[in-house]
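This briefing walks through one protein chain, beginning with a group of aromatic side chains and then turning to the overall form and to a few individual residues. Please keep the sequence and the structure in view while reading.

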Amino acid sequence: DLQTTMIKNVFISMVLVVILSLVLLYFLLNYSRKLSRRIVDPIDRICERLEAIGKGSLLVCEPIQADVEEVQILSYGIENMVQRLKWQIDRNTEQEKQRRRTELALLQAQINPHFLYNTLDTIVWLIESGEIDGSVKMVASLSNYFRFSLSRGKNVITLQEEEQHIRSYLEIQQMRYRDLIEYE
């Protein structure tokens, strides 16, 4: 009788231990899942953000809020990097525009002296040949050409001003090359 009671008590104790173990295991797994979600979800959002950055989205966003300090630091670092990258790209773009403007100015500075020398030589030749009207017309065209070349200090000129600039250039070239060039 005593032995049966002891076996019964041991069996009940084992069943209780198994049930308590299963309940404890359930709570531990549930807590573990919630804990891993608190870590994995922000990391997933960081990965999505990095994919967007990789596709060219350089809008600075709010850092991702996370319970884990390392994930928070990573998110702040990414947004800081995006901000600096965007600033650097804007800076490089502006420097490239400035470089192109400088190259154009240097190219114009190289072309204008040769054009001026050749035109002045033609004017001298016209005066020596007695073609005063032609030389006056050429001086006027040269004056207009350089006035429009300087764009009167403006970065943008109208289409009408550009047309007059081209017309002055073509008039000079037509007087220089006479029978070799015609334009409409």
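Phe115, Tyr145, Phe146 and Tyr169 come together as one aromatic cluster. The model is a predicted one, and every value below is computed from it. The protein chain holds four helices and zero strands, and its elements, read along the sequence, follow the pattern α-α-α-α.

**The aromatic cluster**

- The count of aromatic pairs comes to six.
- Phe115 and Phe146 make up a tilted aromatic pair, with 6.4 Å from centre to centre and 50° between the planes.
- This pair links distant parts of the chain, since Phe115 belongs to helix α2 (residues 69-128) and Phe146 to helix α3 (residues 132-149), with their positions 31 residues apart in sequence.
- Phe115 has a relative accessible area of 6% and is therefore buried, the limit being under 20%, whereas Phe146, at 22% relative accessibility, counts as partly exposed.
- Tyr145 and Tyr169 likewise form a tilted aromatic pair, for which the distance is 6.0 Å centre to centre and the angle between the planes is 40°.
- Distant parts of the chain are linked here too, with Tyr145 in helix α3 and Tyr169 in helix α4 (residues 159-177), 24 residues apart.
- Tyr145 counts as buried at 9% relative accessibility, while Tyr169, with a relative accessible area of 31%, is partly exposed.
- Asn112, which lies in helix α2, touches two members of this cluster, Tyr145 and Phe146, when residues up to four places away in sequence are not counted.

**Overall form of the chain**

- The radius of gyration of the protein chain is 42 Å, well over the 16 Å that the globule rule gives for 184 residues, so the chain is more spread out than a compact globule.
- Taken along the principal axes, the box filled by the C-alpha atoms is roughly 150 × 30 × 25 Å.
- Of the 184 residues in the protein chain, 20% count as buried.
- The accessible surface comes to about 14500 Å², and carbon and sulfur atoms account for 62% of that area.
- Among contacts in the protein chain with a separation of 6 or more, 46% are made by residues 24 or more positions apart.

**Separations along the chain and in space**

- Asn112 and Val60 are 52 residues apart along the chain, and their C-alpha atoms are separated by 47 Å.
- Cys47, found in helix α1 (residues 2-54), is partly exposed at 39% relative accessibility.
- From C-alpha to C-alpha, Cys47 and Glu163 are 55 Å apart in space, and in sequence they are 116 residues apart.

**Helix α4 and its contact with Ser141**

- At 1.5 Å a residue, the 19 residues of α4 should span 27 Å, and this agrees with the 27 Å found between its end C-alpha atoms.
- The buried residues of α4 are Glu161, His165, Ser168, Glu171, Ile172, Gln173 and Met175.
- After α4 comes Arg178, which has a positive phi, near 40°.
- Ser141, placed in helix α3, is buried, with a relative accessible area of 2%.
- Leaving aside neighbours within four places in sequence, Ser141 is in contact with Ser168, Glu171, Ile172 and Met175, and these four residues are included among the buried residues of α4.

**The surroundings of Glu79**

- Glu79 lies in helix α2, and with a relative accessible area of 6% this residue is buried.
- The side chains of Glu79 and Arg49 are joined by a polar contact of 2.7 Å.
- Not counting residues up to four places away in sequence, Glu79 touches Arg49, Leu59, Val60, Cys61, Glu62 and Pro63.

How values were computed. Residues are numbered from 1 along each chain as its sequence is written. This is a predicted model: local features need pLDDT of at least 70, side-chain atom pairs count only at pLDDT 80 or more; totals for chains, interfaces and linings use all residues. Side-chain values use heavy atoms; hydrogens and water are left out. Rings of Phe, Tyr and Trp (its six-membered ring) pair if their centres lie within 6.5 Å; planes under 30 degrees apart count as stacked, over 60 as edge-to-face and the rest as tilted. Helices (H or I, at least four residues) and strands (E, at least two) are DSSP runs, numbered from the N terminus. Buried means under 20% relative accessible area, exposed over 50%, partly exposed in between (1.4 Å probe, protein chains only). A polar contact is a pair of N or O atoms within 3.5 Å; within protein, one must be able to donate a hydrogen and the other to accept it, and residues adjacent in sequence count only if both atoms are side-chain atoms. Contact means heavy atoms within 4.5 Å. The radius of gyration is taken over C-alpha atoms; the globule rule is 2.2 Å times the number of residues to the power 0.38. Accessible areas come from the Shrake-Rupley method with a 1.4 Å probe; for residues, only the protein chains shown count as cover. The expected span of a helix is 1.5 Å times one less than its number of residues.
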